[in-house]
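Here's a quick tour for anyone meeting this protein for the first time. Keep the sequence and the 3D view side by side as you read.

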Amino acid sequence: MKKLLSIVFMMIFVCLYVTLLTGCECDHEWSEATCELLATCTKCGKTMGEYADHEWSEATCLSPKKCTICGKTEGGLGAHSVEKGICPTCGRATVSFSSVYSECNCKSPWAKAGYDYLTIDTNPYDYEDNPYVDLATTYAEAALNAIKKINEKLSLPSYLIDEMLETRAVDGRRTYSGKKVNVSWRYHPDNGLEVRYSF
Ligand SMILES: [Zn+2]
Ligand SMILES: [Zn+2]
Ligand SMILES: [Zn+2]
């Protein structure tokens with residue numbers, strides 16, 4: 001009986017010794033530190049070092065910059081992306097044709113604006129001759145000035161107005177594809193210059 005006990009003690013001692021030994025000499029395998037967790041040994045759980053920096057994702061128009069690990073946010077919202085006037089992230093129109101309409105002194109009947117378009121027609125009633133020539137001239141001047149202003153407002157290249165004015169009836173409908181908007185226009189002596197801005 002005594003012998004059995006001593007064998008048991010012996011075994012316990014050996015087990016403890018082995019456990020202690022391997023504990024001390026763990027061949028640590030460190031996981032990478034994150035902003036939330038220190039580098040940790042995957043075998044014994046020991047930690048070391050410091051927390052890592054946050055891993056920031058870029059701010060968008062819907063969310064400030066955000067750590068992809070811990071979810072912490074910092075700073076304000078980002079800018080809308082601009083793709084043909086509609087932000088692909090949040091779906092909002094980044095060009096408001098109704099504000100462009102009023103800011104560029106647009107008026108009925110030669111200008112029309114909707115959510116996704118703005119049209120200018122230098123000869124809205126397609127006047128060909130007198131007695132309307134005065135009114136036609138008034139419309140044409142106002143409309144032309146508005147087109148110049150709109151092009152500026154929408155940061156369209158300055159040569160665009162020249163191309164518009166040089167357009168002949170035989171050229172048909174011409175187009176320009178900008179970053180924020182698409183522009184198309186046509187000219188006919190009887191119908192005037194008709195310009196359409198859209199997304
Ligand atoms: Zn370890
Ligand atoms: Zn973080
Ligand atoms: Zn947006």
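In what order do the three strands of the open sheet come? They line up as 3-4-5, with antiparallel pairing.

## Before you dig in

This is a predicted model, where local features need pLDDT of at least 70 and side-chain atom pairs count only at pLDDT 80 or more, while totals for chains, interfaces and linings use all residues. Residues are numbered from 1 along each chain as its sequence is written, and chains are lettered from A and ligands numbered from 1 in the order in which they are written.

## The overall layout

The protein chain has four helices and 10 strands. Both kinds of element are DSSP runs numbered from the N terminus: helices are H or I with at least four residues, strands are E with at least two. Walk along the sequence and you meet them as α-β-β-β-β-β-α-β-β-α-α-β-β-β.

Of the 199 residues, 16% count as buried. Buried here is 20 or more other C-beta atoms within 10 Å of a residue's own, exposed is 12 or fewer, and partly exposed is in between, with C-beta atoms placed from the backbone. Take the contacts with a separation of 6 or more: 32% of them link residues 24 or more positions apart. A contact is a pair of residues whose C-beta atoms, placed from the backbone, lie within 7 Å.

## Back to the sheet

Strands count as paired if DSSP finds at least two bridges between them. The edges of the open sheet are strand 3 (56-57) and strand 5 (73-74), each pairing on one side only. Strand 4 (residues 65-67) is joined to strand 5 by two bridges, and Lys66 sits opposite Thr73 of strand 5.

## Cys90 in its loop

Cys90 lies in the loop between strand 5 and helix 2 (97-103). Why does Cys90 count as partly exposed? Because it has 13 C-beta neighbours inside 10 Å.

Setting aside neighbours within four places in sequence, Cys90 is in contact with Cys61, Leu62 and His80. His80 is 10 residues from Cys90 in sequence, and their C-alpha atoms are 7.8 Å apart.

## The largest nonpolar core

A nonpolar core is a set of buried Ala, Val, Leu, Ile, Met, Phe, Trp, Tyr and Cys residues joined through C-beta atoms within 7 Å. The largest one holds 23 residues, and Val100, Ala146, Ile150 and Tyr197 have the most contacts inside it. Helix 2, strand 7 (117-121), helix 3 (133-153), strand 9 (182-188) and strand 10 (192-198) each chip in at least two residues. Helix 3 gives the most, with six.

Beyond its neighbours within four places in sequence, Val100 touches base with several residues, its contacts including Leu118 and Ile150.

Methods. Contact = placed C-beta atoms within 7 Å.
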